[in-house]
Amino acid sequence: MTESGAGGSGDNKDTEPLEPPSPRAPSDSPAPGADTPTREFGFPPGTAGSAPATAASDIDGVRFDDGLNSGLSGGLLGGVRAPSVPDVPSPISARYLFPTEKYRGEWRRHWVHLMPWYVVGTLATFIMGLISGMLTKSGVDNTALTVTVLVWLLILGFVGWKILDWYMDRFILTNKRIMLIQGVITRSVAMMPLGRVTDMKYSQTPMGRMLNYGEFIIESAGQDQALRNVPHLPNPNELYLQMCEEMYEPEAVDEREAEPEEDLIPEGEPAPKPADA
């Protein structure tokens, strides 16, 4: 038993596709079984119930790539927005850039990098409070209590130093190289040219996928590498794609950076005049 297709039997396989039925024109004649004629009504453009009449010139030249930079696709917590990359380098990184290279962005390590020091500060505060209460109840000399408070302040000062060190660290990407700046008083600057990168990957633990951070492993042609493992970088997927595009499609990056963005000012409306000084 053969199945027959539309417009013929199953033996005739070379059937031509059927043309779609032409739209029925509105008619003033009554429908079968109706007393009054049927009439189709339309909404004027721009009113409720009709599609907005948007001219193509209103959206021509507008860039729709904000979703790529927002970081909504990174990590399991996709609703968390990623911090935007500044257009100009910060004073911390600007001193290490030479005039002919093009700045692409800089990143600070993820806040999870400070998690061990947060734990140390919290435990030190808890233990100090416990010991201080015991010393006060036992009536011991105030010297022991003073030493306990000083040790606690020393630990908190060390934690604050680590937070400042984290704030000063920068991972920088330009069109020629990648850099890692570390240290507050003793400053170290590790650099690797993009042309020497032979292999690059990033890894994420389950916690890293939830909080959207990862560790970058960068291989180069040399034996001794000053910049190889960079842990706790935020938004690793977006950063990985940006670095790969910079290495393999630098012309596309330059063209996109040079593309002007048009202001969303409707035609016919004068641009706002600057206030007189």
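The side chains of arginine 228 and glutamate 219 meet in a salt bridge, at 2.6 Å from N to O. The term salt bridge here takes a side-chain nitrogen of Lys or Arg within 4 Å of a carboxyl oxygen of Asp or Glu. At 34% relative accessibility, arginine 228 counts as partly exposed, and glutamate 219, at 23%, is partly exposed too. For the burial classes, buried means under 20% relative accessible area, exposed means over 50%, and partly exposed is in between, with a 1.4 Å probe and protein chains only.

A quick note on the model: it is predicted, so local features need pLDDT of at least 70 and side-chain atom pairs count only at pLDDT 80 or more, while totals for chains, interfaces and linings use all residues. Residues are numbered from 1 along each chain as its sequence is written, and side-chain values use heavy atoms, with hydrogens and water left out.

**Salt bridges**

A search of the whole structure turns up 5 salt bridges. Among them are these:

| Pair | N to O distance | Relative accessibility |
|---|---|---|
| arginine 228 and glutamate 219 | 2.6 Å | 34% and 23% |
| arginine 170 and glutamate 106 | 2.8 Å | 7% and 9% |
| aspartate 169 and arginine 109 | 3.9 Å | 6% and 8% |

As background, side chains of opposite charge can pair when their charged atoms come close.

Take arginine 170 and glutamate 106, whose closest N and O atoms are 2.8 Å apart. Arginine 170 sits in strand β2 and glutamate 106 in strand β1, so this salt bridge ties together parts that are 64 residues apart in sequence. Arginine 170 is buried, and so is glutamate 106.

Then there's aspartate 169 with arginine 109, at 3.9 Å between the closest N and O atoms. Aspartate 169 belongs to the loop between α5 and β2, and arginine 109 to the loop between β1 and α4 (115-138), so the pair links parts that are 60 residues apart in sequence. Aspartate 169 counts as buried, as does arginine 109.

**The sheet**

Helices (H or I, at least four residues) and strands (E, at least two) are DSSP runs, numbered from the N terminus. In all, the protein chain has 8 helices and 7 strands.

An open sheet is built from 4 strands in the order β1-β2-β3-β4, with antiparallel pairing. β1 (103-107) and β4 (188-193) are the edge strands, each with a single partner, so one side of each is left without a neighbour in the sheet. From one strand to the next, the twist averages 15°; the angle is taken between axes, which are lines fitted to C-alpha atoms, and runs from 0 to 180 degrees between N-to-C directions. Strands count as paired if DSSP finds at least two bridges between them. β1 and β2 (residues 170-174) pair in the antiparallel sense over 4 bridges, and glutamate 106 stands opposite isoleucine 172 in β2.

Over in strand β3 (residues 177-182) you'll find glutamine 182, which is partly exposed at 28% relative accessibility. Leaving out residues up to four places away in sequence, glutamine 182 touches Arg109, Asp169, Arg187 and Ser188, where contact means heavy atoms within 4.5 Å. Glutamine 182 and methionine 168 are 14 residues apart in sequence, and their C-alpha atoms are 6.8 Å apart.

**A buried charge without a salt bridge**

Aspartate 165 is in helix α5 (residues 142-168). Aspartate 165 is buried yet has no salt bridge: the nearest side chain of opposite charge is lysine 162, 4.9 Å away. For charge, Lys and Arg count as positive and Asp and Glu as negative, while His and the chain ends are not counted. Aspartate 165 does touch Gly183 and Val184, not counting residues up to four places away in sequence.

**Annotated spans**

From an unreviewed entry, UniProt places the feature "transmembrane region" at residues 111-131 and 143-164; such annotations may be inferred rather than shown by experiment. In the model, residues 111-131 are 81% helix and 0% strand, with end C-alpha atoms 30 Å apart. Residues 143-164 come out as 100% helix and 0% strand, with end C-alpha atoms 31 Å apart.

**Positive phi**

Most residues other than glycine have a negative phi. Histidine 232, in strand β7 (residues 229-234), has a positive phi of about 60° although it is not a glycine. Asparagine 235, in the loop between β7 and α7 (236-248), has a positive phi near 50°. Histidine 232 is partly exposed at 24% relative accessibility, whereas asparagine 235 is buried at 10%.
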